[in-house]
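Biologist: Please put the model up, and then we can go through its cysteines, cores and helix packing.

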Amino acid sequence: MKRKITALILAAAIFTAAAPAFAANTERITPEYEFDENLIKAHTVSNASVFSDAAELSEAEEFLVRFEILTGYEDGTLRLENTITRAEAAAMLVRIACTKESVESIETTYDKDGIAELQKEAGISGMEWEYEGFTDVELDSWYHPYVYYSKRIDWINGYEDGSFRPENRVTEIEFVCMLEKLLGYSERIEAEGGWQDGVLAVNELLDIADNPTDEPLTRARMCETAFNTLNANIVVQMGTSYNAASDTVENEFSEGPTLMNRKGQFKLHGTITEVSDKTVVFVPAEDYDLDSEYKLNAGTEYTFLKGYSDITAGEFDVYVDLDNDTLVFTL
């Protein structure tokens, strides 16, 4: 069942039409399957959804915690009522859009040492490469990689004075705008009137946020909006065409898969029949065509890595991460 996809680095906020490479599988994968021990160590952990201030999480909150998009605090709290800074919003964008492997790559490529290496490589090759960051985002700040990457991909904008104001609270509608750009709707936003009319019009289409306002975004509202974004369809650039009337080259777009599915994450229904320390056996209740080359057959047993220690046998809705062959958690 092993599927390996190259790091999901989103170029120009538009997803290409090329499909990820899936390994076809329609037969049982036995417990003798050679799982990566590092994955086992990384994914088989205790119940990560238990917080002292949030005894019961919504599906959106549970998903973001289990897939390590949202993290708690050192004192064991989740603080869903807290508001979010612009720096934190940039970090969330990267974690929402990218696989864990890609996030780690971004963190090392665009930190202080990574930027220095890029400059060095540009100098060696004779390329002209100039660092273009915000005036108030320090290279050694924890959020620099996320802010710099999000700026390069055009998910976020700064202010006319060249600043980003990372400690400012991000508003609900600002975050919605960022997420719409992440999904590839930048041109649609402009066509619908730009800021703020275009953002609200695209939100009417996507329905990723419930009546976004200019109020500061809370972590609870962020979870809801982020989860809806993961379940929204991305825009895929199919190619370009020449418009003779205007003498311009125009991009051609199509609706692609959901962002969640593009990352190899799927919600399934079925029965967990066996649970061990490292793996679980899952039997789908129906056929799933997860991709043109990847299918799960109803009634067939599939062995996954066990995502969290609180997984038990029984009939559930489950979330799986096909990139890591992991059944992450059950509902």
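**Cysteines, cores and a helix pair**

Modeller: Cys223 is buried at 1% relative accessibility, where buried means under 20% relative accessible area with a 1.4 Å probe and protein chains only. The model is predicted, so local features need pLDDT of at least 70 and side-chain atom pairs 80 or more, while totals for chains, interfaces and linings use all residues. Residues are numbered from 1 along each chain as its sequence is written, and side-chain values use heavy atoms, without hydrogens and water.

Biologist: How many disulfides are there?

Modeller: A disulfide is a pair of cysteine sulfur atoms within 2.5 Å. Under that rule the count is zero.

Biologist: Which helix gives the most to the largest nonpolar core?

Modeller: Such a core joins buried Ala, Val, Leu, Ile, Met, Phe, Trp, Tyr and Cys residues through side-chain atoms within 4.5 Å. The largest has 70 residues, and Phe63, Leu64, Ile96, Trp155, Phe175 and Met222 have the most contacts inside it. Helices are DSSP runs of H or I, at least four residues, numbered from the N terminus. With nine residues, the top contributor is helix α3 (residues 86-97).

Biologist: How are α2 and α10 oriented to each other?

Modeller: Axes are lines fitted to C-alpha atoms over the stretch in contact, with angles from 0 to 180 degrees between N-to-C directions. Those of α2 (residues 59-66) and α10 (residues 219-230) come within 8 Å and cross at roughly 80°. Angles of 65 to 115 degrees count as roughly perpendicular. The pair is therefore roughly perpendicular.

Terms used: Buried means under 20% relative accessible area, exposed over 50%, partly exposed in between (1.4 Å probe, protein chains only). Helices (H or I, at least four residues) and strands (E, at least two) are DSSP runs, numbered from the N terminus. Angles under 35 degrees count as roughly parallel, over 145 as roughly antiparallel, 65 to 115 as roughly perpendicular and the rest as oblique.
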